[in-house]
Amino acid sequence: MITLKKEDGPADLDGVTHLSIGVSWDPTVGSSGGLMGKLKQKKGTDLDLIAIAMQGADPVRLAGLDSLDPLGNGSLLHSGDNQTGKGEGDDETVTVDFAKVPGNVTSIVFVAAAYKKGSSFQNARNVSIKVYDATGGSSQQVADIWPSLLTSDNGCAVAKAMRVGAGWKLQVINETGKIKQGDEHALMRFAISK
């Protein structure tokens with residue numbers, strides 16, 4: 001078992017063949033309360049979990065935002081877009097099958113963002129990002145990342161999986177920043193900077 005913390009630096013993923021990252025959040029009523037607040041809570045807010053496959057410093061594939069299997073071989077799979085945060089457990093997940101990741105992919109950056117226009121971290125409560133060792137079909141949690149409730153940013157660089165020789169390492173990042181909503185290039189530039 002691996003246990004990951006930002007302070008510990010990159011962790012070896014020796015023996016980890018599958019890694020899953022999940023994001024969950026609860027919709028908030030907001031300050032309006034009453035009927036309008038209930039309607040806003042019913043509508044929810046849309047956060048997105050995005051995984052960006054990198055070839056050196058160049059983003060080459062993106063999982064999330066309706067691209068569920070961007071490498072076409074099941075090596076980087078997104079669960080699909082949850083637009084409200086309703087329901088138990090993780091609202092969106094990305095699973096990596098390291099053995100299937102093409103050799104030209106040198107790292108994978110995971111970002112949670114209020115990417116679509118009109119969505120925001122401030123309209124989501126209890127944002128939690130979990131990292132799982134999914135080897136052998138299990139889902140053993142190895143890290144729990146909680147972005148600050150005080151941030152006015154709309155993006156959080158969660159973690160980065162890096163190819164090291166024949167193996168992989170995972171670095172917990174947990175850094176927030178601003179991403180221009182709806183701008184895929186801005187999203188990728190944010191990932192590159194991490």
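Me: What percentage of the 194 residues in the protein is made up of buried residues?
Reply: This is a predicted model, in which local features need pLDDT of at least 70 and side-chain atom pairs count only at pLDDT 80 or more, while totals for chains, interfaces and linings use all residues. Residues are numbered from 1 along each chain as its sequence is written, and side-chain values use heavy atoms, with hydrogens and water left out. A residue is called buried under 20% relative accessible area, exposed over 50%, and partly exposed in between, with a 1.4 Å probe and protein chains only. By that rule, the buried share of the 194 residues is 48%.

Me: How many helices and strands does the protein have?
Reply: Helices (H or I, at least four residues) and strands (E, at least two) are DSSP runs, numbered from the N terminus. Read along the sequence, they follow the pattern β-β-α-β-β-β-β-β-β-β-β-β-α. The count is two helices and eleven strands.

Me: Which strands are the edge strands of the open sheet?
Reply: Two strands pair if DSSP finds at least two bridges between them. Six strands form the open sheet with antiparallel pairing, in the order β1-β11-β10-β7-β3-β4. Two bridges join β1 to β11, and Ala11 stands opposite Leu170 in β11. The strands that each pair on one side only are β1 (11–12) and β4 (58–63).

Me: How many bridges join strand β2 to β8?
Reply: Strand β8 (residues 124–133) is mostly covered, since eight of its ten residues are buried. With β9, strand β8 runs antiparallel and shares five bridges, and there the bridge partner of Val131 is Ala143. Strand β2 (residues 18–27) also runs antiparallel to β8, with Gly22 opposite Lys130, and the number of bridges joining β2 to β8 is eight.

Me: Is Lys130 buried or exposed?
Reply: Lys130 lies in strand β8, where its side chain joins that of Ser128 in a polar contact of 3.0 Å; such a contact is a pair of N or O atoms within 3.5 Å, and within protein one must be able to donate a hydrogen and the other to accept it, while residues adjacent in sequence count only if both atoms are side-chain atoms. Leaving aside neighbours within four places in sequence, Lys130 is in contact (heavy atoms within 4.5 Å) with residues including Ser20, Asp90 and Gln141. Because its relative accessible area is 19%, Lys130 is buried.

Me: Which residues touch the most other members of the largest nonpolar core?
Reply: A nonpolar core is a set of buried Ala, Val, Leu, Ile, Met, Phe, Trp, Tyr and Cys residues joined through side-chain atoms within 4.5 Å. The largest one has 38 residues, and β2, β3 (48–55), β6, β7, β8, β9, β10 and β11 each supply at least two of them. Not counting residues up to four places away in sequence, Ile108 touches Leu76, Val96 and Trp168, among others. The residues that touch the most other members are Ile108, Phe110 and Val131.

Me: What is the angle between the planes of Phe98 and Trp168?
Reply: A pair of aromatic rings is described by the distance of the centres and the angle of the planes. Rings of Phe, Tyr and Trp (its six-membered ring) pair if their centres lie within 6.5 Å, with planes under 30 degrees apart counted as stacked, over 60 as edge-to-face and the rest as tilted. The structure holds one such aromatic pair, and Phe98 and Trp168 form it 4.9 Å centre to centre, in a tilted arrangement with an angle of 35°.

Me: Where is Phe98 in the chain, and where is Trp168?
Reply: The pair links distant parts of the chain, 70 residues apart. Phe98 is buried at a relative accessible area of 7%, and Trp168 is buried at 6%. Phe98 is in the loop between β6 (92–97) and β7 (107–113), and Trp168 is in strand β11 (residues 167–177).

Me: Which backbone nitrogen does the side chain of Asn154 reach?
Reply: Asn154 has its place in the loop between β9 (140–145) and β10 (155–164), and it is buried, with a relative accessible area of 11%. Not counting residues up to four places away in sequence, Asn154 touches residues including Ala113, Phe121 and Gln181. At 2.7 Å, its side chain reaches the backbone nitrogen of Ile179.
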